[in-house]
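Hello,

Here is the structure I promised to pass on to you. Have a look at it first, and then read on for my notes.

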Amino acid sequence: MSATESAVVSRFANWNAAIIAITVIVLIVAAASVDSFGTSQNFGFLVLDLLPIALVALPMTLVIVTGEIDLSVASTLGLSSAVMGYLWNANQPIETIIPLCLLLGAVLGAVNGFFVTVLGLPSLAVTIGTLALYRGLAFVVLGDSAVADFPTVYTDWVTGSIGGTPIPNVLIIIVVLAIVFGVILHATPIGRAVFAVGASEQAARFAGVRPGRVKFWLYVASGLISGLAGVLWTLRYSSARADNGAGLELAVVAAVLLGGVSIFGGKGALPGVIAGVVLLGSLQNALRLSDVSNEALNVVTGVLLIASVLGPNLVNRLRRT
Amino acid sequence: MADALPLLRVREVSKSFGAVAAVRDVSFDLYGGEAHALVGENGAGKSTIVKMLAGVHRPDTGSIELDGTGQDLGTPADAKAAGIAVIYQEPTLFPDLSVAENIAMGRQPLGRFKTIDRAAMVRQAAQLFARLGVSIDPNRPARGLSIADQQLVEIAKALSADARVVVMDEPTAALTGVEVERLFAVARSLRDDGAALMFISHRFEEITALCERVTIMRDGRHVSTDLLTDITVDEMVRKMVGRDLGALFPKQDVAAGAVALKVRGLSRDPVFKDVSFDVRAGEIVALAGLVGSGRSEVVQSIFGVDPRDTGTVEVVGKTLKPGSPKQAMAAGVALVPEDRRQQGLLMELSIERNVTLPRSRSLSQLGFLTGNRERREAKEWTQKLKTKYGRLSDNVGTLSGGNQQKVVLAKWLATNPKVLIVDEPTRGIDVGTKAEVHRLMSSLAADGVAVLMVSSELPEVLGMADRVLVMREGRLVAELDRSEATEESVMFAATGQEATL
Amino acid sequence: MTAVELPAPHRSSLDVVLRARELGIVLALGILVLVTTISNPRFLSGQSIRDILLNTAILAVLAVGQAVVVITRNIDLSVGSVLGLSAFTVGTLLQNDNLPVVLALLVGAGVGVVCGAVNGVIVRYGNVPALVVTLGTLYVYRGITYFWAGGQQINADELPAGFLDFGNATLLGVPYLVVIALLVLVITGVVLRNYRVGRELYAMGSSPQAARLAGIAVGRRTIGAFTVSGALAGLAGVLFAARFGTIDAAAGTGYELNVVAAVVVGGVAVFGGSGTVWGAALGALLLTTIGSALAVLEINQFWQQAIVGGLILLAIGADRLVAVRVAASLKKRGSHVSN
C-alpha cells in the first residue's frame, strides 16, 4: 500500500511539471504549424479569450482543493454583466456600477456559501440550483436585449495593450490575481487550512481549522472574481447581455482539473492550473485559426478533461499489475 | 456438544500489506455448535483474520477449508455463498432501505414474474426477529436504529442466509449491559443450532461467559488455542502481552502542582452527564471505562470539537468557550485523538504539513509561510520523537502505525501544551513504540504538563496513571488513587458489577 | 420454534414519507393549475394540456433515466448532448430513407446505449467521479454532433410524413409520445421497486461500502445504470425529432439542467439511495407546467429559469429538514426486548 501511495504522490507532483511541459510543446507546435498563431496580434486575442477562464479558475482551484465545487460561476458572471447593463441604461455612472457589480458577485457567492456551509447541503446540487437561479435572474433583469455604448475609456483599456508593447492590459489583472491566489494557497496559513479541509474535514477540525468558515469565504471569493469577470467581459465586447459567459463553468472546471487539481480535494497547485488554462485556451485558439468550428472544439475540451483525471489513474493501475 | 470434526479450518494463513506482515502462519479450527474466542492486543492481526474469512482480503499463503474442502474467498460474495457471515463492530446496513429489505438483500423471496414478494419478505424478517426474541419493525428504515439493533439485524441476516459460520468482530464494544445479555442469548441459540461461532472481544468476562475455546494472537502470530476450562484469565493476559507488565510503564513520581484543567458539570445529552474533575500539573490522570461509556466524547467536548449542553471547562484559570478548538489550543490544550486515520492525521498530506498544521499561524512571518520554518520545526520535533521516515515531504499515510502516532504527538507537543489529552495513545502500535510513548508521557508530566489519558488497556491505565477516573454509561462513577486502582476495582466500577473473572 | 403473531405487511413508514414527498409536488401542481386556470381558463383547453403533456413526455423520459443514475449516487450530465446526437442521427437517417418509426426509436436508443455505456465504463474502470466523466462527455458528444452536422440543419419537410405524424398522432386520444413516456416510466418504476436488480441500485446508492460487502456486483450495476440513462436520452432524442421536426446540432443544449432539476425537485436525493422515478416524472411535469403557466399568466418568460433554480434550492433544503426530523423520530422508536 505504502509503495503505491507514494508513487501516486510523486505522480501528482509530476503532473504539474508534465502539464506545463505539454503546454509549452503545444504552444511551440502551434506557433510553428499555424501561420497566424505566433503573431503579436493573436497573442492579444489569446489573452483576451483566456481572461474569463483564467480569472474564475483561480478561486475555483481553491474551492475544488477543499473538496467542493462551484458550478454557478458563469451565471454569476452573466448576472453581473446584466446588472451592469441595467444600471448603465439607468444612467448610473460607471464608477458606481463597477464596485456594485463586484459587491453583487460577492453576495451571490455568499449565498452559495450559506447553503453549503450553514445548511450543510451538497455543493454540487446547491450550485446547479444557483446556476439556474442566477442565470434566470440575469434574464429577468435584462431580458434578451443587449446594452452597448459603454465608455470607450474603459472598453479601450480592456482591449488595449501596454504602451507600444504587444502585452494586453488585462494581462496585468490576470498576473496580479494569479500571484495573489497562488500566494494565498501556497504560502499562507489560509492555504494550509484549505488543503487540510480538502484532505480530511474531520482531521482539520481536530487541528483547530474551521472548515465552514474557510469554505464560506472561498465561495465569496469565487463570486467576487466571477463578478469581476462579468464586468471585464461586458467591457471587452462592449455588450452587456444576460447570456454572457453561458457554459463557461465547464471550461473552468476542465482547466482546473487539467491543471492537476484532484476533484476529491486536498491536492493541486496553482501553477499547474495556469498551465491548464493556457493549454485549453491556446489549443482552442490554434484550432480555431485552423478553421475548426467552435463547437467541434468542445470535443478537445471534453477529451482533455476526462484524460486529465483518467490518465494518472490508468497509469497507476497498469503499474500495479 | 461440539462435533468431532472441525467445520472450518484456517491453515497457515499469512497476509502482508506492503512491507508489514499483518498475519503470519496462523492456524486454528472452528467447530459446529461451539463458540470460539479470538483474543489479542490491538494490532495482533485479529481483524485481518476476520477480513480473510469475510472475503475482503485473500490470504497470501495458506488456506481456509470448510467441511474439508478448500475455499477461495476472493470476494464478500464468495464468503456469503460459502455460508460465512461476518458481523462487524460497525454494522454495514443500507440506511435508506427497510429492515426487512436489508435482511433479504440478494435473497429476496420472489413471486410472479420474478418480482419481489414483499409480504413474504416482511414475514420472513418478522419470523427471524420472533426467533431472536426481539421486536424490531421490519418495515422501518434501517436509518436511526441503535448500534445494538443494527447488530441484531445483522444477525437476522446471517440467520436468513443459513450461515454455518458466524464471525462477530467486537460486537459488544458499543453495547450496554442489557444489550450485551440479549446479544449473548441470541448467540447461544445460534450456537445450539449447530453454527460455529467466532467471537472477538476485549472483555474476558464476556469470553468466559460465552465461549468454549480461545485462540490467542500476538504480533500477527498464533500463540495458543485452549479450552477455556484449561486456562485462567491471568494466563490469557500474559500470552496476549507476552512480556512482564511492570517494566513497560516507567511512570515517575512527580509532586502534583496547581490545577491545570478544571471540568465542572459537563453534560451532553445523551452521551454524558454531569462530569466534573481536575487534572493538576505534573499528574497523569486516566479516564477509564468501557468503549462507548462516553470517555472520548468528554475529551472531545473539552477540546471543543464536539459541542456541550452545559458545564464549564477552565484551563489554568481561563474559561474556555464551548465549540472552539482554536481557543482551547490558544489556552494550551492539545488533543491526540482516538482515531488516528480519521481525526489525528491528514493521511494524504506530507509529514511536514501534518506536524505544523496547528502552528501554521504562529510560524508565519507577516502572514506568509515560505516553508523553511515549517520544515525546520517538523524536522526538530520528528527527530525528538525518533520518528522513522524517508523524507519530510512523504505522505504521512506511508508510515507505520507507530510512526504515524509519533507524528500526531509531534504535532501537538510542538504547540507546547499545558494540558495534553491523549485518547488511546498506544492503540495499534508496536510494543517498542508503545514503551517510547509511555516514557514520553511520563517525562512530559515530570516537566509539569497535566496529562489526561483515555485508555481501554487496563495495564496501561494501572501502570501510567496517578489517578484513575472511571466512566460508566456517560457518568463519572469512581475516582481511584494509584494505590486503590487494581484490575478488579476498575472493572467493577466500569461495569457496575463484580467482575466474573 | 413457536408460532408467532406476524405483523401485517402494511405500508412501511419509509413509503409513507416518500408518498408525502410526492404528494407535495402533486399539491404544488394542483395549486399552480388552479391559480392559473382561474386567471385564464384557456390554460385547461385541450391544446394547452396537449402541449404540456408532449413537452413533459420528453423531459420525463430523460428524468427517469437520470433518476436511475442518481439513485446509485452518481450523476449523468451528458443527457442533453446524447439527446442531440441521437436526434441528429435519426434525422439524418430519415432524410435518406423512410425508416419505420419503431426502427427509428431503436436506432436512437442504440446511439444512447453506446454513449451511456462509454460513460459507465469510464466511471467504473477509470475510478473517475461521474460528475467529471459526464461533464467531459457532455462536451464530446455535443462536439461530435457539431462536427458531423457542420452547420447543416434538418428541416421538417425533409423528414418522412409518417415520422412527423408519429409526433402528433394519438392513441385513444393520448399522444404517442406520452404513451411511450408512460411505458418507460411504468417499466422502470416496476423494475426499481419490485426486482432484485432495482433494489440493488438503491442499496449501492444508500451505502456503497455495505453494497460491496453484501456481494452486489457494484461495477456492473454502475455501467448498467449509465447505459439505461443513455438509452433513455437516446430515445428522448427520437421523440424530440418527431415533436419538433427541425433538428440541428444544438438540439437539447442545456437540457441536463432541467433534467437534474426535475429529478431533485421530484425527491430523488443527490446522495443516492432514495427517491422514485414517479417523483422524477412528477418533477418534470411540474417544471413544464410552470413554463406554460408563466406564458398564460403573461409573466415574463425569463422568470422560468430563475424559478427552476429556486425550486432546486427549495427542494434540497426541504429534503434536508425533513431528513433531520425523520432521523430524530426514528431514533426515538427503538426496539424493545420482548420478554
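Let me start with a small puzzle: is A132(A) buried or exposed? Please bear in mind while you look that this is a predicted model.

A132(A) is buried, because 28 other C-beta atoms lie within 10 Å, and a residue counts as buried from 20 such atoms upwards. This alanine belongs to helix 5 of chain A. Within its own chain, A132(A) has its C-alpha atom 7.9 Å from that of S72(A), although 60 residues separate the two along the chain. Leaving aside residues up to four places away in sequence, A132(A) touches L257(C), A261(C), Q305(C), V308(C), G309(C) and I312(C).

That leads to the contact between chains A and C. Chain A brings 37 residues to this contact and chain C brings 41 residues. On the chain A side, helix 5 (123–142), helix 11 (248–258) and helix 13 (297–320) each supply at least two residues. Helix 5 of chain A gives the most, with 14 residues. By class, the side of chain A that touches chain C holds 26 nonpolar, nine polar and two charged residues.

Chain A also meets chain B: here 22 residues of chain A are in contact with 29 residues of chain B. The elements of chain A that give two or more residues to this side are helix 1 (2–33), helix 8 (189–199) and helix 9 (201–206). The side of chain A that touches chain B consists of eleven nonpolar, seven polar and four charged residues.

Now for chain A as a whole. Chain A has 13 helices and two strands. Its C-alpha trace spans about 65 × 50 × 35 Å along the principal axes. The radius of gyration of chain A is 20 Å, which agrees with the value near 20 Å that a compact globule of 321 residues would have. Of those 321 residues, 55% are buried. Looking at contacts in chain A between residues at least 6 apart in sequence, 79% join residues at least 24 apart.

A word on confidence in chain A. The mean pLDDT of this chain is 88, and 93% of its residues reach 70 or more. Among the elements of chain A, helix 10 (residues 211–237) has the highest mean pLDDT (97), whereas helix 1 has the lowest (68). Please keep that in mind for the contact with chain B, since helix 1 of chain A is one of the elements listed there. Over residues 1–11 of chain A, pLDDT stays under 50, and the model has 16 contacts beyond four places in sequence for this stretch.

Chain B has 18 helices and 21 strands. Along the principal axes, its C-alpha atoms fill a box of roughly 75 × 50 × 45 Å. A compact globule of 501 residues would have a radius of gyration near 23 Å, and the 24 Å of chain B agrees with that. In chain B, 52% of the 501 residues count as buried. Of the contacts in chain B with a separation of 6 or more, 68% come from residues 24 or more positions apart.

One part of chain B to look at is an open sheet of six strands, with mixed pairing and the order 17-18-19-14-20-21. Strand 17 (333–336) and strand 21 (475–481) of chain B are the edge strands, each pairing on one side only. On average, neighbouring strands of the sheet are turned by 20 degrees against each other, direction ignored. Within the sheet, strand 14 (residues 284–289) and strand 20 (residues 467–472) of chain B pair in the parallel sense over five bridges. G289(B) has M471(B), in strand 20 of chain B, as its bridge partner. Helix 18 (residues 487–495) of chain B lies across strand 14, strand 20 and strand 21, and runs at about 30 degrees to strand 20.

Finally, have a look at helix 9 (residues 295–303) of chain B. Eight of its nine residues are buried, so helix 9 of chain B is largely enclosed by the rest of the structure. Among the buried ones are R295(B), Q300(B) and F303(B). After helix 9 of chain B comes G304(B), which has a positive phi, near 100 degrees.

Happy browsing, and best wishes

How values were computed: Residues are numbered from 1 along each chain as its sequence is written. Chains are lettered from A and ligands numbered from 1 in the order in which they are written. This is a predicted model: local features need pLDDT of at least 70, side-chain atom pairs count only at pLDDT 80 or more; totals for chains, interfaces and linings use all residues. Two residues are in contact if their C-beta atoms, placed from the backbone, lie within 7 Å. Helices (H or I, at least four residues) and strands (E, at least two) are DSSP runs, numbered from the N terminus. Ala, Val, Leu, Ile, Met, Phe, Trp, Tyr, Cys and Pro count as nonpolar, Asp, Glu, Lys and Arg as charged, and the others, Gly among them, as polar. The radius of gyration is taken over C-alpha atoms; the globule rule is 2.2 Å times the number of residues to the power 0.38. A residue is buried if 20 or more other C-beta atoms lie within 10 Å of its own, exposed if 12 or fewer, and partly exposed in between; C-beta atoms are placed from the backbone. pLDDT is the predictor's confidence in each residue, from 0 to 100. Two strands pair if DSSP finds at least two bridges between them. Axes are lines fitted to C-alpha atoms, for helices over the stretch in contact, and angles run from 0 to 180 degrees between N-to-C directions.
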